[in-house]
Structure formats: C-alpha cells, structure tokens
Amino acid sequence: MKLSQLRTFLAVVETGSIHGGARLLGVTQPAVSSAIGGLEKMLGAKLFRRSSLGIEPTEYGRAFTVRARALVEDMRRAHEEIARMRDGSTGSVILSLSSTSARVFLPSAFARFRETMPNVSVELNDATWAESIDRLRRGVIDFAMVQGPPGLSYPDSVEVTPLIALPLVIGVRGKNPLVRSRSLGDLSGATWLLPGRPAPGAEVRFAEMFERHGFHPPKLVMRCQSPLTALALLQTMDFVSLFAEPVVRQEFSRYGLKRVPVREPLPHLLHSLLTRRDAPLTTVAAHFFQCLKETCAESVG
C-alpha cells in the first residue's frame, strides 16, 4: 500500500468523484481510477459505489477512510521527525485543548516550549471532550488536553495521563441577591448558566451535586460554550455559575463577580493529556506534552 494511493483515495472521498479527485491532485482520471482499483484489489473489497451525486464510500470505504487519514497523518509526522533530527529546527505539533486548559495552563507551557523549540509550527484547537477523542482517533492531532470528572471512561485506543484536579467554585455577580447564600439548597431555584462544552454525562452529574445532599436540582440550566461569554453575562444578569478555581482567581475581580462559599463540597474537574496508544509522539509533540505536564505540576506546588 503506497502513500500516493492513500492520498488519492482521500481526495476522491473529499470531492465525491474521480474527476474531482484528479483535479485536486493534479493527475489524470485514469491514474486515480488505477490507484483506487489497486487499493480495492489489495483489500479485497469495493471502496466506492455510484450514487445520484457521483460516487460515495461503501461501508468498507467509510471504515478505511478513518485508517487512511490516520496513516497519512502518521507518515507526515514521520517525515517531520526525520527532518527535525536532520536539521534540528523543523517540525510541527497539533493539539486540542479544553477552554479551561487553554486559559489556565497553556500560556506558561507554550512559553516553556518556545524557549527550546522556537521554530516549530504549533496549531492549537479549542475542542470539546468528544471532539478531542474523535480528532485523536482520526490522527489529525498529536495529543489533547481535556477536562472531565474523575473516573470518566475513555476508549481503549486512548492513553490517558491524569494531571491535576481543579476544584469548582460557584460564582455570581456582586449585586445578585444570592451572593450571601451558603448552601446549595439556597441555589436550587436559581437560573444556572454553565460555561464550556461538557464531557459525557455532565447533566446527570450536575443534578447529583444537589441530590446527594437532599436538594432538588435546578430546573433552569443553560449552557454557554464560551467561558468569556458566560463571564460577560454573569456580569450583568442574576445567573449562577460554576468555574474552575484558577479562572476565579484570574477573572472574577475583572468582571465584578463573587464566589459563593457553600458548605456542601463541590466536585472537581480532572485535567488529563490524551494520546493514541498505537502512535508514539514525535519529538516536538513529546516536548510540548512534557511542558504541559511540568506546568501542571508547578501549579500544584
């Protein structure tokens, strides 16, 4: 199986036609047809079928698309790895991060990384837990930093490196009448605005935060994907929200928000690094990975 065959296959998947794949790659249509035919003969399965819109992957083609993308990405990283070993200054790293991870840990880790590898290209993607898992599975990122509750299950193909558990803090604007509340029971009737895009089961765990203490969970719970937008809304409206402790220290005074120190214990969010079990990190990715680990370790100290 040749790299050129994989790239040809993916070009046809992307464009939906032999003609489109040939145009995208700058080759002839017979060359594309030959490459696809060679792959189908090697795999012993039809990868495409005709449809009213052109051609589309079969069940085998869809399964092979995932592997083909991962193989092409792995080969790209292998080329970069060798180039960096040869030249000592090239390469790239692509990673996904949760919004809290990016806000709290990334600046120091990125500065540490650039001190030793200033010429390496870095691509940073804000992503949900599920998006990070999917990108890792497809091989389009080197690794991910995610947040979720301790004990969250991950696919077998993913290697999990736990880093740090951050406590959650309840926040309201200073003029909110609930600012003097000292129990979750006082807040169960409030309108909650939860920032970020949650890991699986977040709604259930939020309800359990109240139920384990004998309180009814809030009926009005809204989600806001952007933590910055959530902070701005809390600044002017009587919402109640949850933020990681470092965000509280960095942002609450700027937005005129106050923490509500309830007596019931609040959950933690565990920040972890994720890699693919079947694909070792390149030298540059491994270095960024280590920079994030060291930054988290220092924040604990």
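The exercises below, each with a worked solution, concern a predicted model.

**Exercise 1. The largest nonpolar core**

Task: Determine which residues of the largest nonpolar core touch the most other members, and which element gives the most to this core.

Solution:
- Step 1. The core has 36 residues, and those touching the most other members are Val 93, Phe 105, Phe 143, Phe 243, Phe 288 and Leu 292.
- Step 2. Elements that give two or more residues include the strands β3 (92-97), β5 (143-148), β6 (158-173) and β9 (241-244). The helices α6 (106-116), α9 (227-236), α10 (245-255) and α11 (283-300) do so too.
- Step 3. With seven residues, α11 gives the most to this core.
- Step 4. Take Phe 288 and leave out residues up to four places away in sequence: Phe 288 touches Val 93, Leu 95, Leu 106, Phe 110, Phe 113, Val 122 and Phe 143.
- Step 5. A second core, separate from this one, has 18 residues, among them Ile 170, Leu 194, Val 240 and Val 262.

**Exercise 2. A salt bridge between two helices**

Task: Find the salt-bridge partner of Arg 112 and state which parts of the chain the pair ties together.

Solution:
- Step 1. The partner is Glu 294, with 3.2 Å between the closest N and O atoms. This distance falls within the 4 Å cut-off for a salt bridge.
- Step 2. Because Arg 112 lies in helix α6 and Glu 294 in helix α11, the pair ties together parts that are 182 residues apart in sequence.
- Step 3. Arg 112 has 23% relative accessibility and counts as partly exposed. Glu 294, at 30%, is also partly exposed.
- Step 4. In the whole model, the count comes to 13 salt bridges.

**Exercise 3. Two further salt bridges**

Task: For the pairs Asp 134 with Arg 138 and Glu 245 with Arg 259, work out where the partners lie and whether each is buried, partly exposed or exposed.

Solution:
- Step 1. The side chains of Asp 134 and Arg 138 meet at 2.9 Å, N to O.
- Step 2. Both belong to helix α7 (residues 129-138) and are four residues apart, so about one helical turn separates them.
- Step 3. Asp 134 is partly exposed at 27%, and Arg 138 is partly exposed at 22%.
- Step 4. In the other pair, the closest N and O atoms of Glu 245 and Arg 259 are 3.1 Å apart. Glu 245 is in helix α10 and Arg 259 in strand β10 (residues 257-259), 14 residues apart.
- Step 5. Glu 245 counts as buried because its 17% relative accessibility is under the 20% limit. Arg 259, at 38%, counts as partly exposed.
- Step 6. Elsewhere, salt bridges that share partners join Arg 103, Glu 251 and Arg 254 into one network.

**Exercise 4. A strand pair**

Task: Describe how β1 and β2 pair and how they are joined.

Solution:
- Step 1. Strand β1 (residues 48-51) and strand β2 (residues 54-57) are antiparallel, with four bridges.
- Step 2. Two residues form the hairpin connection from β1 to β2.
- Step 3. Arg 50 stands opposite Ile 55 in β2.

**Exercise 5. Surface residues**

Task: Classify Ser 153 and Leu 71 by exposure, and place each in the chain.

Solution:
- Step 1. Ser 153 lies in the loop between β5 and β6. Its relative accessibility is 61%, which is over the 50% limit, so Ser 153 counts as exposed.
- Step 2. Ser 153 is 47 residues from Pro 200 in sequence, and their C-alpha atoms are 9.3 Å apart.
- Step 3. Leu 71 is in helix α4 (residues 59-87) and is partly exposed at 41%.
- Step 4. Together with Met 1, Met 42 and Leu 43, Leu 71 makes a nonpolar surface patch of about 360 Å².

Methods:
Residues numbered from 1 in each chain as written. Predicted model: local features only at pLDDT ≥ 70, side-chain atom pairs only at ≥ 80, totals over all residues. Heavy atoms only, no water. Core = buried A, V, L, I, M, F, W, Y, C linked by side-chain atoms within 4.5 Å. Buried < 20%, exposed > 50% of the residue type's maximum accessible area, 1.4 Å probe, protein only. Contact = heavy atoms within 4.5 Å. Patch = residues over 30% accessible without salt bridge, like charges linked within 9 Å, V, L, I, M, F, W, Y side chains within 5 Å. Areas by Shrake-Rupley, 256 points an atom, 1.4 Å probe, with all protein chains shown as cover. Pairing = 2+ DSSP bridges.
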